[in-house]
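Open the model in your viewer and keep the sequence panel visible. The tour below goes from one selection to the next and says what is there.

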Amino acid sequence: MGKATTSVWLSERGYCAWGRCAAPGCGRDFIDTGRRTPQRYCSTRCGTRVRVAAHRDRGR
């Protein structure tokens, strides 16, 4: 995607289309792919890691 095309795509979305991964220790930036709910993690791997850690903490 060219620079102009990228800026048009981002401006047409009407909301912040990028973010920083919410997983502790990750901090990678990502572009939201337009799902119904806002994206919080850069990958499914980071999201799963956070959910598994929360599940294990509840079991203790």
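**Stop 1: the salt bridge**

The structure holds one salt bridge, meaning a side-chain nitrogen of Lys or Arg within 4 Å of a carboxyl oxygen of Asp or Glu. Select Asp-29 and Arg-20: these two residues form a salt bridge, and their closest N and O atoms are 3.3 Å apart. Colour the pair by accessibility next. Asp-29 is exposed, with a relative accessible area of 55%, and Arg-20 is exposed as well, at 56%. Here exposed means over 50% relative accessible area, buried means under 20%, and partly exposed lies in between, with a 1.4 Å probe and protein chains only.

Two notes before moving on. This is a predicted model, in which local features need pLDDT of at least 70 and side-chain atom pairs count only at pLDDT 80 or more, while totals for chains, interfaces and linings use all residues. Residues are numbered from 1 along each chain as its sequence is written, and side-chain values use heavy atoms, with hydrogens and water left out.

**Stop 2: the whole chain**

Zoom out and switch to a cartoon. The protein has two helices and two strands, in the order α-β-β-α along the sequence. Helices (H or I, at least four residues) and strands (E, at least two) are DSSP runs, numbered from the N terminus.

Now colour by pLDDT, the predictor's confidence in each residue, from 0 to 100. The mean for the protein is 82, and 75% of its residues reach 70 or more. Among the elements, helix H1 (residues 3–12) has the lowest mean pLDDT, 65, and H2 has the highest, 94.

Turn on the surface. The protein exposes about 5,100 Å², of which carbon and sulfur atoms supply 54%; accessible areas come from the Shrake-Rupley method with a 1.4 Å probe, and for residues only the protein chains shown count as cover. Of the 60 residues, 18% count as buried.

**Stop 3: the cysteines**

Select Cys-21, Cys-26 and Cys-46 and show their sulfur atoms. How many disulfides does a search of the whole structure find? It finds zero, where a disulfide is a pair of cysteine sulfur atoms within 2.5 Å. Cys-21 is not bonded because its closest cysteine sulfur, in Cys-26, is 3.8 Å away, too far for a bond. Cys-26 is in no disulfide either; for this residue the nearest cysteine sulfur is that of Cys-46, 3.7 Å away. Cys-21 is buried, with a relative accessible area of 8%, whereas Cys-26 is partly exposed at 21%.

**Stop 4: Gln-39 and its surroundings**

Select Gln-39, in the loop between strand E2 (29–31) and helix H2 (44–59). Is Gln-39 buried or exposed? Gln-39 is buried, with a relative accessible area of 15%.

Show what surrounds Gln-39. Leaving aside neighbours within four places in sequence, Gln-39 is in contact (heavy atoms within 4.5 Å) with Phe-30, Ile-31, Asp-32 and Thr-33.

Next, draw distances to polar atoms. A polar atom of the side chain of Gln-39 lies 2.9 Å from the backbone oxygen of Tyr-41. The backbone nitrogen of Gln-39 lies 3.4 Å from a polar atom of the side chain of Asp-32.

Move to Asp-32, which sits in the loop between E2 and H2. Asp-32 is buried, at 5% relative accessibility. Then step to Ile-31, in strand E2. Ile-31 is partly exposed, with a relative accessible area of 46%. A C-alpha to C-alpha line from Ile-31 to Tyr-41 spans 10.0 Å, for a pair 10 residues apart in sequence.

**Stop 5: Ala-17**

Finish at Ala-17, in the loop between H1 and strand E1 (18–20). Its relative accessibility is 0%, so Ala-17 counts as buried. Add Pro-38 to the selection: Ala-17 and Pro-38 are 21 residues apart in sequence and 8.9 Å apart in space, C-alpha to C-alpha.

How values were computed. Polar contact = N/O pair within 3.5 Å; in protein donor to acceptor, adjacent residues only side chain to side chain.
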